[in-house]
Amino acid sequence: MEKLLMVWVTEKQLKGDTLTQGIICEKARVIYGDLLNQTPCTSTDEVSEDSFKASRGWLDNFRKRTGIHSVVRHGEAASSDVKAAEDYLKTFSGLIEANGYIPQQVFNCGETGLTFM
């Protein structure tokens, strides 16, 4: 169940979707229920969908076992255009190559002010 959940979490993160603890726990319960329904049971089995709670403690341990962590996207990161960023990387790489720059000559000055004295 946890492997399926990890695949789902990874897909959601790659899409840039927001995942909360509640969303992950609900998906874990759904996956558990689906797997339980697909598994043949005998009359002596006392397993039910209610036996797995997907509690906060379970989620904390799941996060430790898998190494996932909380990432909150807001502002520019939440509304970024992934396709445009990929296109720009190709354009920028072309500019660096065409002008013969080396990696040590490339700087990221984002929103940083430079002062020359």
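What span should the 14 residues of helix α1 (residues 2–15) have at 1.5 Å a residue, and how far apart are its end C-alpha atoms? The structure is a predicted model, in which local features need pLDDT of at least 70, side-chain atom pairs count only at pLDDT 80 or more, and totals for chains, interfaces and linings use all residues. Residues are numbered from 1 along each chain as its sequence is written, and side-chain values use heavy atoms, with hydrogens and water left out.

Helices are DSSP runs of H or I with at least four residues, numbered from the N terminus. The expected span of a helix is 1.5 Å times one less than its number of residues. For α1 this span should be 20 Å, and the end C-alpha atoms are 20 Å apart, which agrees.

Within α1, the buried residues (under 20% relative accessible area, 1.4 Å probe, protein chains only) are L5, W8 and V9. Seen down the axis of α1, these residues fall within an arc of 100°, so they line one face of the helix; the arc is that of the directions from the helix axis to the C-beta atoms. The face turned away from the buried side of α1 carries K3 and L14, which are exposed (over 50%). The cover over the buried residues of α1 includes α2 (21–38) and α3 (56–66), where contact means heavy atoms within 4.5 Å. G16 follows α1 and has a positive phi, near 85°.

In α3, the buried residues are W58, L59 and F62. Viewed down the axis of α3, they fall within an arc of 95°, so they line one face of the helix. These buried residues pack against α1 and α2, whereas the face of α3 turned away from them carries the exposed residues R56 and K64. Just after α3, G67 adopts a positive phi of about 80°.

Methods
Helices (H or I, at least four residues) and strands (E, at least two) are DSSP runs, numbered from the N terminus.
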